[in-house]
Amino acid sequence: MNLEEAEGKRILEAAGIAVPRGELCETPEAAAAAAARLGPCAVKAQVPAGKRGKAGGIRIAEDREQALAAARAILGMEIAGHRVAQVLVEQRADIAQEYYAAVLNDVESRQPLILFSTAGGMDIEEIAVERPKSISRIPVGIEHGAQRAQVRAALQRAGTGGELDGVADGVADLLVRLYEIYARTDAELLEINPLVRLRGGGLLALDCKLTLDDAALFRQPELARRGTREPLTEIEARARELGLKYIELAGSVGVLANGAGLTMTTMDVIEHCGGAAANFLEIGGDAYTKATPALGLVLANPRVKSVIVNFCGAFARTDVMAEGVVRAWETLKPTLPVFFSVHGTGEEEAIALIRQRLRIEPFDRMEDAVRAAVEAAR
């Protein structure tokens with residue numbers, strides 16, 4: 001779940017991180033009035049999505065008339081599937097230097113990671129390519145959290161020259177505060193881009209992106225009420241109503257596998273074989289009871305040209321799961337080609353069932369089944 005910029009900045013400000021003066025507005029007239037109070041300003045679409053500027057969702061205004069025109073252009077826009085209902089009218093800052101600061105979940109080290117760069121205002125991916133030496137990576141042990149001395153030493157080692165002169169201590173303090181917010185809110189990502197050094201001194205967070213861990217929302221009921229979920233496709237909305245975890249993708253190979261891990265492995269093998277998955281769909285031992293609605297979701301995507309069914313049984317028996325899928329196939333009667341890979345507990349019974357009822361021969365190797373599905377999708 002993502003929080004919009006204004007919500008994120010409220011959290012930053014409460015933690016002692018400076019943010020610009022600003023007002024949330026729902027009408028062009030309110031934006032014009034805010035600009036009259038604030039002076040030269042930025043009018044910014046409030047949607048939980050990145051690259052708002054490239055989409056035309058951030059505009060600079062010198063006075064109330066320009067703010068009025070900017071708000072009229074932005075309100076009602078659709079950015080990344082979100083309709084803009086509010087704009088943040090924010091006082092312009094006198095910027096001397098732009099930085100990048102973030103705390104995120106690092107998959108490789110399996111611990112939080114603080115990122116800081118002296119090249120702010122760009123996507124971090126662009127910074128990594130164009131100025132990789134400008135990025136400081138500071139791993140944080142969750143037992144002790146971010147320590148100011150550790151962060152300060154890491155910034156010194158980064159060799160940023162004079163780019164942090166006069167603000168190095170302030171940057172270190174800010175990064176520690178960012179980590180504390182990240183930990184307290186069960187965040188997956190907390191990003192300020194850009195964080196700016198003002199000509200008159202001090203640091204200011206010009207933007208804020210805060211992404212919460214959906215699995216921890218039960219611990220964050222207030223933030224959950226203030227956040228915005230990613231927009232769902234029609235099929236994803238149906239899946240949520242059915243209690244199934246389904247994500248619609250852009251590929252042409254439908255995937256039905258048991259468990260999140262095997263599903264992701266299947267998707268990786270599809271890509272390895274030159275194809276692209278049409279969905280992520282997590283279904284486990286309940287495949288016997290949910291196979292028909294699950295298969296219906298997979299087939300509802302018009303991009304699907306073939307289907308791979310991949311079961312691996314340990315505690316859950318593959319013959320029971322196969323019975324559910326076979327019955328679903330007989331009920332829905334799709335005409336698409338389907339390819340099976342079945343291994344684990346009950347596989348002999350499952351294979352016999354598929355042969356007898358569907359007249360289909362399962363593959364001995366998962367990769368062969370996936371490759372056949374990829375070829376059929378072409």
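Leaving aside its neighbours within four places in sequence, which residues is T318 in contact with? The legends below start with that residue and move on through a predicted model.

**Figure 1. A close-up of T318 and what surrounds it.** Here's the answer to the opening question: beyond those sequence neighbours, T318 touches F311, C312 and G313, then V342, H343, G344, T345, G346 and E347, plus A350. T318 sits in helix α11, which covers residues 318-332. With a relative accessibility of 0%, T318 is buried.

**Figure 2. The whole chain, for orientation.** Zoom out for a moment and you get 13 helices and 18 strands. Along the principal axes, the C-alpha atoms fit a box of roughly 80 × 50 × 40 Å. Of the 378 residues, 49% are buried. Take the contacts with a separation of 6 or more: 68% of them link residues 24 or more positions apart. The chain exposes about 17900 Å², and carbon and sulfur atoms supply 50% of that. As for charge, there are 44 positive and 53 negative ones, and their mean positions are 2 Å apart.

**Figure 3. Cysteines without a bridge.** Count the disulfides in this structure and you end up with zero. Why is C41 not bonded to C25? The C25 sulfur is the closest cysteine sulfur to that of C41, but at 9.2 Å it's too far away for a bond, given that a disulfide needs the sulfur atoms within 2.5 Å. C273 is in no disulfide either, and its nearest cysteine sulfur, in C312, is 18 Å off. C41 is buried, at 0% relative accessibility, and C273 also counts as buried, at 9%.

**Figure 4. A cis peptide bond at N193 and P194.** Most peptide bonds are trans. The bond running from N193 to P194 is cis, though, with omega near 10°. P194 belongs to strand β11, residues 187-198.

**Figure 5. Positive phi at A80.** Residues other than glycine mostly have a negative phi. A80 isn't a glycine, yet its phi is positive, at about 50°. You'll find A80 in the loop between β5 (78-79) and β6 (82-83). Is A80 buried or exposed? It's exposed, with 53% relative accessibility.

**Figure 6. Positive phi at R359.** R359 is another residue other than glycine with a positive phi, this time near 55°. Its spot is the loop between α12 (347-358) and α13 (366-377). R359 is exposed as well, with a relative accessible area of 68%.

Note on methods. Residues are numbered from 1 along each chain as its sequence is written. This is a predicted model: local features need pLDDT of at least 70, side-chain atom pairs count only at pLDDT 80 or more; totals for chains, interfaces and linings use all residues. Side-chain values use heavy atoms; hydrogens and water are left out. Helices (H or I, at least four residues) and strands (E, at least two) are DSSP runs, numbered from the N terminus. Buried means under 20% relative accessible area, exposed over 50%, partly exposed in between (1.4 Å probe, protein chains only). Contact means heavy atoms within 4.5 Å. Accessible areas come from the Shrake-Rupley method with a 1.4 Å probe; for residues, only the protein chains shown count as cover. Lys and Arg count as positive and Asp and Glu as negative; His and the chain ends are not counted. The place of a charge is taken as NZ of Lys, CZ of Arg, CG of Asp or CD of Glu.
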